Structures are given as structure tokens and as C-alpha cells.
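I opened this model to look up how the chains are built and what lies against the DNA. My entries follow in the order in which I looked things up.

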There are 2 protein chains.
Amino acid sequence: MFERVAPRVTTVDACAKAMRVAILRGDLRVGERLPAERVLAERFGVNRVTVRSALAKLSSSRLLSVRQGSGYVVRDFRREGGPDLLPGLAELAGTNGHLSRLARDLLLMRRHMARAVLERVAEEAGDTDEVRTAVDRFEEVVTRGASMAEIAEADVAILSAVLDATRSPVLGLCLNPIADVVTQMPELRDAMYRNPQENIAGWRLLVGWMETRRRDLIDTVIAELERRDEETVRLLGRGPEKQSSNER
Amino acid sequence: MFERVAPRVTTVDACAKAMRVAILRGDLRVGERLPAERVLAERFGVNRVTVRSALAKLSSSRLLSVRQGSGYVVRDFRREGGPDLLPGLAELAGTNGHLSRLARDLLLMRRHMARAVLERVAEEAGDTDEVRTAVDRFEEVVTRGASMAEIAEADVAILSAVLDATRSPVLGLCLNPIADVVTQMPELRDAMYRNPQENIAGWRLLVGWMETRRRDLIDTVIAELERRDEETVRLLGRGPEKQSSNER
DNA sequence: ATTGGTCCCATGGTCCGACCAATTTCCCCC
DNA sequence: GGGGGAAATTGGTCGGACCATGGGACCAAT
């Protein structure tokens with residue numbers, strides 16, 4: 001209990017969200033030009049500097065392109081956007097089957113990226129100890145009945161330790177955003193940690209593999225991950241459970 | 001010839017780059033606090049609004065975290081950053097072996113993500129025609145001896161067509177940034193399209209596979225991709241070629 | 001010695017108004 | 001009808017001001 005309170009939404013974020021959902025929902029077509037900054041500022045009832053910051057956010061998310069003298073135009077986020085758009089997209093998708101389809105593809109991608117990491121670990125592995133202690137900490141967090149947010153945080157920490165073992169920043173930079181997305185989608189997160197004992201077992205399996213680092217055993221670890229992923233997707237497809245989740 | 005000229009760097013971008021390289025080079029340690037906006041503005045000799053926009057850019061790249069009243073602190077980009085940092089990192093790495101290591105991991109990740117896409121295509125494929133025409137266009141661009149930038153653009157267009165065939169936006173959102181990174185690293189890009197005929201052959205192989213969509217033949221397509229990737233990395237390891245590249 | 005309250009200052013967030021620079025629009029003139 | 005250039009539009013930068021939050025110093029009560 002008494003976990004971190006959500007930070008107050010700032011004016012910029014409010015404006016940014018309004019425009020973001022308009023784009024993600026398709027209310028604004030690709031190539032369409034947005035109203036001028038001055039117009040947007042007046043319509044939102046905020047200062048031009050404020051709406052400018054919001055527009056900068058969307059531009060950095062590749063939702064908009066901008067040219068001086070020309071204006072802001074809507075880009076094709078399906079072809080140019082990044083994984084950071086997924087939480088917003090999931091929010092719009094609702095809790096029906098759309099979300100489970102989305103989660104299925106996301107976990108598919110995550111699984112294959114994990115395989116890439118394991119291949120690299122198999123070649124040049126560093127400290128297994130770091131990973132092991134991270135797993136221990138994860139188990140400790142689970143057993144003391146911490147919140148879902150804390151469990152997810154400890155889970156990501158293990159992943160970071162594994163990535164450190166690759167001694168290459170590249171894999172981490174590719175995987176970080178996708179790993180982060182999971183923690184920002186409450187329904188998916190709850191489904192993934194529905195039974196944390198399974199997660200612990202999966203991590204223990206990985207640690208065991210890291211002792212040998214046999215390439216021909218990578219499939220075993222990934223297969224176990226796939227089994228859990230499929231169960232997660234199945235849970236999401238049934239819609240949210242009502243009885244549990246006394247604490248998140 | 002006569003390709004797109006680089007857009008003039010704006011004041012904001014100049015400030016952003018200065019601070020970005022300071023972080024990526026490690027001149028600023030993780031957790032360290034940046035000088036206040038007002039101080040930075042004075043030091044850069046720009047307005048506070050300008051330096052604020054630059055800071056916002058770095059924040060959206062997860063290089064900084066910010067809290068009102070507290071200030072900006074440097075985050076651990078290796079654990080929280082995204083693939084958009086790779087071009088800047090490659091620029092700092094120089095042309096020695098570091099770059100080839102970086103490319104090796106990047107291509108490894110890209111290959112595994114491609115495998116995920118093929119698995120999804122194998123399940124529910126859409127138009128093969130779109131992909132075929134995109135490949136034709138790629139061949140046309142190559143045969144007319146276009147610039148490297150145009151070739152890369154046509155290459156990414158094929159990828160987009162394949163992603164459309166999955167009928168799922170998720171895979172695209174995960175893969176787009178990584179595909180984009182390649183086009184932003186000149187040395188890597190030149191090495192990848194050193195012999196465009198190979199690229200064409202690879203795409204033709206993929207198109208052929210999409211006719212059957214047999215899961216057991218995915219490995220064939222990926223293996224061919226891996227062969228080319230390894231050659232690319234080998235080229236980068238030898239350092240830049242001097243004689244060719246009459247046009248980029 | 002510890003706890004809680006109060007104040008002050010540094011810092012980011014927002015606002016206003018103005019001017020600069022790139023782009024587009026459109027009208028005038030040939 | 002076409003070309004050219006002025007004018008309007010739009011994003012980029014600037015200066016200064018005020019508000020809201022964070023953090024530390026200081027003090028008072030327990």
C-alpha cells in the first residue's frame with residue numbers, strides 16, 4: 001500500500017494527449033495539415049508556448065512532421081511510429097479482443113528479441129551473479145506481496161541484468177522500449193504476473209541455462225516463455241477477471 | 001546527384017546535440033543533475049525557451065528525467081534509452097571496430113524481429129502484390145543508379161509492405177525505429193547496399209516464400225539474410241572502402 | 001534527540017507580447 | 001497565360017514575468 005501517486009498531469013500533457021488520440025483514432029488523416037499554432041493555442045485556451053511543447057512531444061513520437069512556414073502535418077504512425085505509441089493504442093482498443101490481438105503480437109516480438117539476446121549471451125557472457133541476485137530480489141518482492149507495479153519493476157530489473165551480460169548496449173537500446181511498454185499497459189501487466197511463481201520458475205530456468213550457455217538449449221527457454229505468453233493472451237481474450245486483483 | 005540537402009540545423013537542435021553527446025560520451029554521470037535552465041540558457045547564449053525545447057527533446061529520448069522544482073537529472077540511457085540513440089552512439093564510436101560490433105548486434109536484432117514478422121505472415125497473409133510491386137520499384141531504383149539514400153528508402157518501403165501484410169500495427173511499431181536507424185548511419189547503410197543485386201535477390205526469395213508461407217521454410221529466408229548481414233559486418237570491420245562510393 | 005511546522009529560495013511550468021525566418025498565397029504586370 | 005514579387009501565413013526565437021513544486025534551513029514542541 002501507499003505506492004507512488006500519479007504525478008499531476010501538466011497542461012502540456014493534456015494538450016498532447018488530446019491531439020494524440022485524435023491522430024491514433026484516425027480523426028486526422030495522414031498528410032492532413034493541423035491548424036496553426038496560434039489557432040490551436042486559442043482553441044485549447046492555452047499559451048502558444050504551451051501548445052508548442054505539446055506539438056514537440058508529438059513530433060518526437062513521429063506522429064507529426066513540421067516545417068517552418070508550412071505547418072504541422074500528420075504522419076503515418078503505422079509506418080513511422082515507435083513502440084511508445086502502443087500504450088495509447090491499447091487504451092483506445094478497449095478490453096475486447098483487440099487488446100488480446102495486440103498483446104499477442106507484442107509478446108511475439110518480445111520473445112524473438114529475447115532469443116537474439118540469448119544468442120549473444122551464448123557467445124560472450126558476463127556475470128551470471130548479477131542476474132541471479134536480480135532474480136532473488138524478484139522472488140523477494142513477489143513473496144512479500146508487493147504491488148503489480150513493483151513486481152513489474154523487479155522483472156524489468158532482471159532483464160537489465162541479462163542485457164548487461166551481453167556487454168553490448170545495442171540489444172538493450174532495441175529492447176528497452178518494448179519492455180517498458182508492458183509496464184504501461186495495466187491489463188497486460190496484470191495478466192503477465194497473474195501467477196508470479198511461474199515467472200520465478202521461468203527466470204530460474206534462464207539462470208540455469210546461463211550456466212551452460214548451450215545454443216541448442218535456447219529453444220527450451222524460449223518455448224517455456226512462449227507457453228506463458230500464450231496463456232497471457234488467452235487470459236486477455238476472456239476479458240478482465242472480476243474477483244481478484246484486490247491490490248495492484 | 002542533386003539529392004535532398006540537409007535541413008539547416010536549428011538553434012534548438014544545436015543545443016540538444018551538445019548536451020546529447022555530453023551524456024552519450026559519459027561526461028555527465030548517471031544521476032547527476034544538470035545546471036538550471038536559466039544557467040544553461042545563459043551559457044549557450046540562447047533564450048530559456050530555446051534551451052527548454054532542447055531539454056524536452058532529450059527528455060523524450062529518455063536521456064533526462066525532469067521534475068518541477070527539482071531539475072533535470074541524467075538517466076541511464078543504456079537501461080532506458082531507445083534505438084533512436086544508436087545513430088548518435090555510432091557517430092561517437094568512430095569507424096574502428098566499435099562500429100562493426102555495434103552493427104553486428106543491430107543486425108542480429110533486426111534479423112530476429114524479421115523472423116517474428118515472417119511467423120505472423122505465415123499465419124495470416126494479405127496482399128503479396130503490394131510487396132511484389134515494392135520490390136519491383138526497388139529494383140528500378142537500383143538499376144537507374146540512384147543515390148544510397150533513395151535505395152535505402154525504397155528498401156524500407158518494401159519492409160512496410162511486408163508489415164502491412166501482417167495486418168497488425170504492432171509489429172510495425174516495434175520494427176520501424178530499428179529499420180529507421182539503419183538509414184541514419186551512413187557507413188552501415190553503404191555497407192548494406194554495397195551490392196544491391198544481392199538485396200534484390202534476397203527480396204525475391206522472400207516474395208517466393210510468401211507464395212507458400214510454409215513455416216518450415218522461414219529459416220531459409222532468414223539464413224540468407226544472416227549471410228548478407230555477416231558480410232556487411234565484415235566490411236565494416238575492415239574500415240571504410242576508399243575507392244568506391246563515388247555517389248552516396 | 002526526534003518529530004513536526006514554517007519559511008525561503010532555487011527550479012521547472014506557464015503566460016504574454018514581440019520580432020525573425022521560411023514558406024505559401026495571390027495579385028499585378030508583361 | 002506565365003512569371004515575378006509583394007504580402008500574408010506559419011513556425012522559430014527572444015525577453016520578461018508570474019505561478020507551483022521541491023528541498024533545505026531553521027525553529028518549536030514533545
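What percentage of the 248 residues in chain A do buried residues make up? I was working from a predicted model, and there I found that buried residues account for 47% of the 248 residues in chain A.

**Entry 1, chain A as a whole.** I noted twelve helices and two strands in chain A, and, reading from the N terminus, I wrote their order down as α-α-α-β-β-α-α-α-α-α-α-α-α-α. Taken along the principal axes, the box that the C-alpha atoms of chain A fill is roughly 60 × 45 × 30 Å. I also looked up contacts in chain A between residues at least 6 apart in sequence, and of these 71% join residues at least 24 apart.

**Entry 2, domains of chain A.** The domain assignment divides chain A into domain 1, residues 11–81, and domain 2, residues 84–237. I found 33 Å between the C-alpha centres of domain 1 and domain 2 of chain A. Where these domains of chain A meet, eight residues of domain 1 are in contact with six residues of domain 2.

**Entry 3, DNA strand D.** I turned next to the DNA, and counted 25 residues that surround DNA strand D, with R8(A), T10(B), N47(B), T50(B) and Q68(B) as the closest. Of the atoms of DNA strand D that come within 4 Å of the protein, sugar and phosphate account for 67%. I then asked which elements each supply at least two residues of the surface near DNA strand D. From chain A they are α2 (37–44), α3 (48–60), β1 (64–67) and β2 (71–74), and from chain B they are α1 (11–24) and α3 (48–60). By residue class, I recorded five nonpolar, ten polar and ten charged residues in the surface near DNA strand D.

For individual atom pairs on DNA strand D, I noted that a phosphate oxygen lies 2.9 Å from a backbone N or O atom of E37(A), and that a phosphate oxygen is 2.8 Å from a side-chain N or O atom of R67(B). A polar backbone atom of G69(A) is 3.5 Å from a sugar or linking oxygen of DNA strand D.

**Entry 4, DNA strand C.** I counted 26 residues around DNA strand C, where the closest are T10(A), T11(A), T50(A), R8(B) and Q68(B). Sugar or phosphate atoms make up 68% of the atoms of DNA strand C within 4 Å of the protein, and the rest belong to bases. The elements that each supply at least two residues of the surface near DNA strand C are α1 (11–24) and α3 of chain A, together with α2 (37–44), α3, β1 (64–67) and β2 (71–74) of chain B. The largest share of that surface, three residues, comes from α3(A). I sorted the residues of the surface near DNA strand C into six nonpolar, ten polar and ten charged.

Which atoms of DNA strand C lie 2.9 Å from a polar side-chain atom of R48(B) and 2.8 Å from a side-chain N or O atom of Q68(B)? For R48(B) I found a base nitrogen, and for Q68(B) I likewise found a base nitrogen. R33(B), by its side chain, has an N or O atom 3.5 Å from a phosphate oxygen of DNA strand C.

**Entry 5, the largest nonpolar core.** This core holds 156 residues, and I noted that L106(A), L188(A), W209(A), L106(B), L188(B) and W209(B) touch the most other members. Helix α6 (residues 97–123) of chain A gives the largest share of this core, 14 residues. I followed L106(B) beyond its neighbours within four places in sequence, and listed contacts with V170(A) and C174(A) as well as with L86(B), I178(B), V181(B), V182(B), M185(B) and L188(B).

**Entry 6, two residues of chain B.** M185(B) sits in the loop between α9 (169–183) and α10 (186–192) of chain B, and I entered it as buried because its relative accessibility is 2%. Not counting residues up to four places away in sequence, M185(B) touches P87(B), A90(B), L99(B), L102(B) and L106(B).

Is R111(B), in helix α6 (residues 97–123) of chain B, buried or exposed? I entered R111(B) as buried, because its relative accessibility is 9%. Its contacts, leaving aside neighbours within four places in sequence, are I222(B), L225(B), E226(B) and D229(B).

Note on methods. Residues are numbered from 1 along each chain as its sequence is written. Chains are lettered from A and ligands numbered from 1 in the order in which they are written. This is a predicted model: local features need pLDDT of at least 70, side-chain atom pairs count only at pLDDT 80 or more; totals for chains, interfaces and linings use all residues. Side-chain values use heavy atoms; hydrogens and water are left out. A residue is near a molecule or strand if one of its heavy atoms lies within 4 Å of it. A polar contact is a pair of N or O atoms within 3.5 Å; within protein, one must be able to donate a hydrogen and the other to accept it, and residues adjacent in sequence count only if both atoms are side-chain atoms. Helices (H or I, at least four residues) and strands (E, at least two) are DSSP runs, numbered from the N terminus. Ala, Val, Leu, Ile, Met, Phe, Trp, Tyr, Cys and Pro count as nonpolar, Asp, Glu, Lys and Arg as charged, and the others, Gly among them, as polar. A nonpolar core is a set of buried Ala, Val, Leu, Ile, Met, Phe, Trp, Tyr and Cys residues joined through side-chain atoms within 4.5 Å. Buried means under 20% relative accessible area, exposed over 50%, partly exposed in between (1.4 Å probe, protein chains only). Contact means heavy atoms within 4.5 Å. Domain bounds come from an automatic or database domain assignment.
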